[in-house]
Amino acid sequence: MTETMTETITRRVVQQHHRGSFSWNRRPSPSKVCKFWLAGNCRKNPCRFAHTDVTAPVNRVLRLNRSSFRESHDPKKEENIRERKQNLSLKKKNEVKECHPEECEEKVTPCASADATTGDVDKSQCTKICEHWMKNSCVHGKDCKFLHSWCYGDGITMVAQLQGHNKAVTGITLPADSDKLFSGSKDGTVRVWNCHTGECIGVADVGSPVESLISEGPWVLAGLLNSVKVWNIQSNAEFTLSASAGQVYAMVAANGMLFAGAQDGSILVWKFNAETSSFDSISPLKGHMGGVVSLIYGANRLYSGSMDNTIRVWDLETMQCIHTLAKHSEVVMSVLCWEQYLISSSLDRTLKVWAATEAGELEVTYEHNEEHGILSLRGMHDAANKPIMLCSGNDNTVCLYELPSFVERGRIFSKQEVRGIHVGPAGLFFTGDGTGLVSVWRCSSDSTASSDKAA
């Protein structure tokens, strides 16, 4: 019997797909066609179902088995494929390649160079600390092109590190004629350290984060939420000054009074009572529209920096605000008195030097720009009695500037930002960072230091 055209085409298509893997001479079931065969993927030989369907249209068989034909015959599809390949190639070229330390060292301009004869790396001009060394993971040792030190600068050395706090240190103070150092932290404790041994000899749990810590005579005072905790280190007296004003961010003692900058924008005031050896509350100073985060006293004036981006000047005879300075665009984090000048710092990355005019107003006479926001300012003198300003930034460094030139004298590095700075005697100063570490530093052996003022 002569084979029909449909049967011929069907047989050839199936033979091409199965490549002769089964025989056409077996006896299929006459009533059922193999659905896997119709889909072009039956692998049974023999199969109990029919591998033929003479009634199926030719285009049906071809459609089900089109995977066996090359699709390159469609010019439009070939063009789309070429475009996709080109786009993928361009995407790979534009991708950032993973950086390997060995490759990066050759690309980065080093801050230290190697001696041509000995091969030793000269780090005298290096001002960048090795980030891997800070994590104890640098593998280059003395050949590293970056600093393996927590500081640089003439006469700046680390004396000790005091570990105990588990959250950021916000205040440090060394009372006059005392051999005990006090530190306050956001972990809700005030720690007492032996200055001779560096050991922690006492811990006071105050129940809430400490945001400021100062001392005045025998008094040690910690700024807390809605209160100030007070200790007398001579009589061992202890009490709390309460005030519903939120967190106490900053404190300063002057003219027999204690001033405390509060979260609600007020400056709380207590007057020392010698008869009762306590503090009596008097009317607060009000005017700021945001929390008061910095205070300094100088020339019978109280200067306050606030979250409202302003500085207010208060006359302590009248207890009135006499000036409002609004040149900063961010929070005024710190204020410092130096000679006849006021220096302010802000998160707007600027240091501003203010001076009085003939009319009695305060104007900016100099502005110094930093790359990062500025957190705290303190002042001291070096061995030659030159004023030095300590300036901590939110880049985890403390920079030492000479005044009035603002020439950088050196720099201190830390793992997290430094908020607590205190200047002690004989060239000592102390820093507390966000990890809870208190560090002791010396700026040359015969330096003399002031407290919070640089003169």
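**Exercise 1.** Is Ser208 buried, partly exposed or exposed, and at what relative accessibility? State where Ser208 lies and which residues it touches.

*Solution.* The structure is a predicted model.

Step 1. Locate the residue. Ser208 sits in the loop that runs between strand 8 (200–205) and strand 9 (212–216).

Step 2. Take the relative accessibility of Ser208, which is 16%. The cut-off for a buried residue is under 20% relative accessible area. Ser208 therefore counts as buried.

Step 3. List the contacts. When residues up to four places away in sequence are not counted, Ser208 touches Gly188, Leu224 and Leu225.

**Exercise 2.** Determine which residue forms a salt bridge with Arg411, and classify both residues by accessibility.

*Solution.* Step 1. Find the partner. Arg411 is joined in a salt bridge to Glu408.

Step 2. Check the distance. The closest N and O atoms of this pair are 3.0 Å apart, and the criterion requires the nitrogen to be within 4 Å of a carboxyl oxygen.

Step 3. Classify each residue. Arg411 has 14% relative accessibility and counts as buried. Glu408, at 33%, counts as partly exposed.

Step 4. Recall the underlying principle: side chains of opposite charge can pair when their charged atoms come close.

**Exercise 3.** Describe the salt bridge of Lys229 and that of Arg419, with the accessibility of the residues where it is available.

*Solution.* Step 1. The side chain of Lys229 meets that of Glu238 in a salt bridge, with an N to O distance of 3.1 Å. Lys229 has a relative accessible area of 17% and is buried.

Step 2. Arg419 and Glu417 form a salt bridge through their side chains, at 3.1 Å from N to O.

Step 3. Arg419 is partly exposed, its relative accessible area being 36%. Glu417 is also partly exposed, at 24%.

Step 4. Place these pairs in context. By the rule applied, the count of salt bridges comes to 7.

**Exercise 4.** Summarise the protein chain as a whole: its secondary structure, buried fraction, contacts and exposed surface.

*Solution.* Step 1. Count the elements. The secondary structure of the protein chain consists of 6 helices and 29 strands.

Step 2. State the burial. Of the 455 residues in the protein chain, 44% are buried.

Step 3. Examine the contacts. Among those between residues at least 6 apart in sequence, 40% join residues at least 24 apart.

Step 4. Describe the surface. The protein chain exposes about 25,000 Å², of which carbon and sulfur atoms supply 49%.

Definitions and conventions: Residues numbered from 1 in each chain as written. Predicted model: local features only at pLDDT ≥ 70, side-chain atom pairs only at ≥ 80, totals over all residues. Heavy atoms only, no water. Helix = DSSP H or I, 4+ residues; strand = E, 2+ residues; numbered from the N terminus. Buried < 20%, exposed > 50% of the residue type's maximum accessible area, 1.4 Å probe, protein only. Contact = heavy atoms within 4.5 Å. Areas by Shrake-Rupley, 256 points an atom, 1.4 Å probe, with all protein chains shown as cover.
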